[in-house]
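Subject: Structure for your files

Hello,

Here is the structure I promised to pass on. Please look it over before reading my notes underneath.

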Amino acid sequence: MILDWQDIQLFLEVAHTERLTEAARRLGVDHSTLSRRTRRFEQRLNAQLFERSTHGYRLTEAGQRLLAHAEEMARHANEALETLSDQNRQLSGQIRLGVTEGFGTWVITPLLAGFGERHPRLTLDLLALPRVVNLSRHEADLAITVERPGSAGLVTSRLCDYRLRLYASRGYLARHGTPERLAELGQHRLIGYVDDLIFSDQLHYLDPLLAPGRIDTPPHFGIRSTSVTAQYRAVRQGAGLAILPCFMAEPDDDLVAVLEDEVEVVRQFWITARQEQRRLSRVRLLWDFLREAVEANRDLLMGERRGELVIPAAEPSPPNEASEASSEPAS
């Protein structure tokens with residue numbers, strides 16, 4: 001029996017999304033057509049590939065076995081297409097990048113303008129989300145996370161450090177006064193994350209600062225949000241004090257860092273891709289560009305300068321050996 005490559009592509013999309021309607025939307029076909037094609041493919045193979053339920057499409061044991069071969073076929077097909085390009089500048093296609101909401105909105109989005117200048121035929125899908133993007137489910141080709149992923153089959157590298165401080169608006173401080181020591185935080189309205197919806201332990205900034213015995217009175221949160229952008233807007237409107245990344249707050253003249261000697265948080269961003277995706281030319285180009293662009297803005301990320309982001313020139317700079325050396329495969 002000769003396998004139809006289109007059937008393999010349909011199978012991969014359903015396997016990765018686990019939802020027939022989502023797979024159909026991404027493939028640009030009607031979901032009833034996709035359902036018929038999937039069942040016909042199973043009949044030709046004489047094997048059930050999916051367990052169907054109200055919760056979605058889950059791979060059977062036979063489906064899992066086919067998935068490994070189908071992904072290898074897709075990888076070879078993609079690599080074959082990319083080797084036909086005359087130059088990197090002529091590469092075309094789509095890249096999907098997943099990144100945390102704040103970093104994605106405030107830093108990565110402006111920087112990607114430079115990548116678009118270098119590679120105008122590539123299309124970028126940016127997923128700036130207040131959660132972790134799942135590479136294992138093929139939600140993206142690349143991900144930038146606040147925790148180092150530990151899954152097998154991933155290539156991971158430390159992208160950068162960034163600093164956070166405690167900020168308030170000038171208007172809030174004029175009305176409520178400036179705390180002079182950490183113990184006074186209980187007297188102020190605070191802004192932070194919704195505890196049971198925090199997607200990473202790295203975001204529990206306030207917990208050690210508000211531990212019993214460190215503040216005079218129990219803390220009061222005026223506003224809590226899953227969105228760091230919403231927290232920033234709340235601080236700017238004078239709703240309270242919040243720990244914010246310097247790359248968001250420092251360029252804003254209306255915001256003031258308080259208790260700088262007692263409140264300073266440093267975290268990391270990690271860049272990750274599945275091994276098979278990391279080998280694709282377009283993914284390597286974006287990976288290298290992001291490392292170059294973020295390094296050019298290290299002082300801004302660490303709160304050591306105010307001002308605009310430095311956007312890399314249209315032409316790439318020579319390879320940075322130190323940067324390449326820091327790339328670390330995940331264990």
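The notes below cover aromatic contacts first and then internal cavities.

Please keep in mind that this is a predicted model.

Aromatic contacts

Searching the whole structure gives 10 aromatic pairs. One of them joins F11 and F50 in a tilted arrangement, with 5.6 Å centre to centre and 50 degrees between the planes. F11 belongs to helix 1 (residues 5-17) and F50 to strand 1 (residues 50-53), so this pair ties together parts that are 39 residues apart in sequence. F11 is buried at a relative accessible area of 3%, and F50 is buried too, at 1%. Ring pairs also link F11 and F50 with F41 and Y57 in a cluster.

Elsewhere, R278 places its charged end over the ring of W287, 4.3 Å from the ring centre.

Cavities

The whole-structure search finds two cavities of 30 Å³ or more.

The largest holds about 140 Å³ of space. Its lining consists of 17 residues, and T100, G102, Y193, L203 and V228 lie nearest the centre. Helix 5 (residues 101-118) gives the largest share of that lining, three residues. By class, the lining has 12 nonpolar residues, four polar and one charged.

The second largest cavity has about 40 Å³ of space. D7, L10, F11, R37, T38 and F41 line it, with helix 1 and helix 3 (31-45) each supplying at least two of these residues. This lining divides into three nonpolar, one polar and two charged residues. F11 and F41 of the ring cluster are thus also among the residues lining this cavity.

Regards

Technical notes
Residues are numbered from 1 along each chain as its sequence is written. This is a predicted model: local features need pLDDT of at least 70, side-chain atom pairs count only at pLDDT 80 or more; totals for chains, interfaces and linings use all residues. Side-chain values use heavy atoms; hydrogens and water are left out. Rings of Phe, Tyr and Trp (its six-membered ring) pair if their centres lie within 6.5 Å; planes under 30 degrees apart count as stacked, over 60 as edge-to-face and the rest as tilted. Helices (H or I, at least four residues) and strands (E, at least two) are DSSP runs, numbered from the N terminus. Buried means under 20% relative accessible area, exposed over 50%, partly exposed in between (1.4 Å probe, protein chains only). A charge sits over a ring if NZ of Lys or CZ of Arg is within 6 Å of the ring centre and within 35 degrees of the ring normal. On a 1 Å grid over the protein atoms alone, a cavity is a set of points where a 1.4 Å probe fits but cannot get out, and a pocket is an open set with protein on both sides within 12 Å along at least five of seven lines; lining residues have an atom within 4 Å of a point. Grid points are joined across faces, edges and corners, and a volume is the space filled by probe spheres set on the points. Ala, Val, Leu, Ile, Met, Phe, Trp, Tyr, Cys and Pro count as nonpolar, Asp, Glu, Lys and Arg as charged, and the others, Gly among them, as polar.
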